[in-house]
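Dear colleague,

I am passing on the structure that I have been looking through, and I would be glad if you could open it before reading further. My notes follow below it.

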Amino acid sequence: MKKVDVIVLGAGAAGLFCAAQAGKRGRNVVVLDHAKRLGGKILMSGGGRCNFTNMYASHENFLSDNPHFCKSALSRYTQWDFIGLVAEYGIAYHEKALGQLFCDDSAKDILKMLLSECDKSGVTVTNQCEILSIKKIDSGYILNTAKGEYQCTSLVIATGGLSMPKLGASPFGYKVAEQFGLSVKPTRAGLVPFTLHEQDKNVLAELSGISLDANASCNDTSFNESILFTHRGLSGPAVLQISSFWEPGQAVEFDLFPNGDLLADLEQALQDQPDVQLSTALANHYPKRYVQAALPYLGIENKPLKQYQGKQLEQAAQAFHQWQLKPNGTEGYRTAEVTLGGVDTDQLSSKTMMAKDVEGLYFIGEVVDVTGWLGGYNFQWAWSSGWVAGQVV
Ligand code: FDA
């Protein structure tokens, strides 16, 4: 039996970062992960460049049944602390948009940094280690694993959510929570593309590859970014963002002329070039291929601008400003970036991430019912929650 102070389950963003902090305090720490490859999600993230934090991260960028829970960790270990660490390692980065910071070179730099931090603090990281059982004893926990028995005083669950099972995701963390009597908020895929009903898909799949600026809104929340038509449905940042707020059966409204007044624009075109077709006027703002498909799809007749009577031009503009789409569903955990829901925050201390009623058991990162928007927020939650637990385990 190997006896250590701390066992962290899950060698992802939160687990590695937490382990390094505990190691720095002189704790004897082991990280166990069942995957073959460590930090799979970090390597895939941000298109291989890892959007490792967001300069404007605040509690307002997170979804949770208790929106206040994440405040403490986020304020104790901030994005600026992590940016400082990245700079210390000489990792070059840039802001892509909206405060999102990406590595200039590769996500590998972030993983190397985390592993180096673990190494410097004497942390042992073991992969391909299946966890077979966990037992609570007076002085801590006994774990039976594929690589032997371990005993520890603090056990940190950092096994993430359900998104991307191919990268090692599993419901393990939720099961541990339930084993120790903690409740788990219902989970569902977040930051995920929409799939479409047949009648929409027949038209929109033809537009695959086209990206448009759009303001997507649903349930009193809106995101002004871009959308992307794909063979399978609808994706792009605005869609991924709103997917976390969408409930099955609801419609999403897209303003496809989000930064202006399309009617005013068309009225100006009518004055300047009354003989021009509506499709030609719209092609000043949208790709031609999109306009050709969109007019019949939205039920708008294409004719010279001077032939539009009464409110017809207004209705045409409105169809672009208020495109209502009822998604068929989402692509689910297979492609989702995150899992909404998770271990109920009411049962965790926001200062330490320890289960209030289970001495020595901690939950950090995505397994907890705290989910960030798209844009580096989810990694910031992994760093912040990992850091606070790392101070006390
Ligand atoms: P993470 O999922 O990182 O780690 C969990 C670890 O636990 C894994 O190594 C897994 O193998 C292990 N594990 C699971 N079950 C186990 C078991 N039964 N036994 C042992 N080990 C087990 N966020 C962001 O802020 N910026 C970005 O650019 C991106 N990009 C991005 C791209 C893609 C494709 C995805 C899927 C996700 C993102 N994200 C993101 C989200 C981000 O990756 C995610 O929120 C964090 O990785 C969560 O960190 P955790 O450490 O909590 O879980």
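**Overall picture**

The chain has 13 helices and 23 strands, and please keep in mind while reading that this is a predicted model. Along its principal axes, the C-alpha trace spans about 85 × 40 × 35 Å. Of the 393 residues of the chain, 56% count as buried, while the accessible surface of the chain comes to about 16,800 Å², with 48% of that area belonging to carbon and sulfur atoms. If one takes the contacts between residues at least 6 apart in sequence, 72% of them join residues at least 24 apart.

**Aromatic rings**

A search of the whole structure for aromatic pairs finds 22. One of them is formed by F62 and Y377, whose ring centres are 6.2 Å apart and whose planes stand at 85°, and because planes over 60 degrees apart count as edge-to-face, this pair is given that label. The pair links distant parts of the chain, since F62 belongs to strand 5 (residues 62–63) and Y377 to helix 13 (residues 377–390), with the two positions 315 residues apart in sequence. F62 has a relative accessible area of 8% and is therefore buried, the limit being under 20%, and Y377 is likewise buried, with a value of 7%.

Ring pairs also link a cluster made up of F17, F52, Y77, F82, Y93, F379, W383 and W387. In two further places a lysine lies over the face of a tyrosine: K136 is 4.7 Å from the ring centre of Y141, and K303 is 5.0 Å from the ring centre of Y308.

**A residue in helix 1**

C18 lies in helix 1 (residues 13–24) and is buried, with a relative accessible area of 0%. Which residues is C18 in contact with, once its neighbours within four places in sequence are left aside? They are V156, I364, G386, A389 and G390. C18 can also be set beside W383, a member of the ring cluster named above: C18 and W383 are 365 residues apart in sequence, yet their C-alpha atoms are 7.6 Å apart in space.

**Two open sheets**

An open sheet of three strands has the order 4-7-6, and its pairing is antiparallel. Strand 4 (51–54) and strand 6 (93–95) stand at the edges, and because each has a single partner strand, one side of each is left without a neighbour in the sheet. On average, and with direction ignored, neighbouring strands of this sheet are turned by 30° against each other. Strand 6 is joined to strand 7 (residues 100–103) by three bridges, the two strands running antiparallel, and F102 in strand 7 is the bridge partner of H94.

Another open sheet, of four strands, has the order 1-11-10-9 and mixed pairing. Its edge strands are strand 1 (2–3) and strand 9 (131–137), each of which pairs on one side only. Within this sheet, strand 10 (residues 140–145) and strand 11 (residues 148–152) run antiparallel and are joined by five bridges. Y141, the tyrosine whose ring face lies under K136, stands opposite C152 in strand 11.

With kind regards

How values were computed:
Residues numbered from 1 in each chain as written. Predicted model: local features only at pLDDT ≥ 70, side-chain atom pairs only at ≥ 80, totals over all residues. Heavy atoms only, no water. Phe/Tyr/Trp six-rings, centres within 6.5 Å; stacked < 30°, edge-to-face > 60°. Buried < 20%, exposed > 50% of the residue type's maximum accessible area, 1.4 Å probe, protein only. Lys NZ or Arg CZ within 6 Å of the ring centre and 35° of its normal. Pairing = 2+ DSSP bridges. Axes fitted to C-alpha atoms, helices over the stretch in contact; angles between N-to-C directions. Contact = heavy atoms within 4.5 Å. Areas by Shrake-Rupley, 256 points an atom, 1.4 Å probe, with all protein chains shown as cover.
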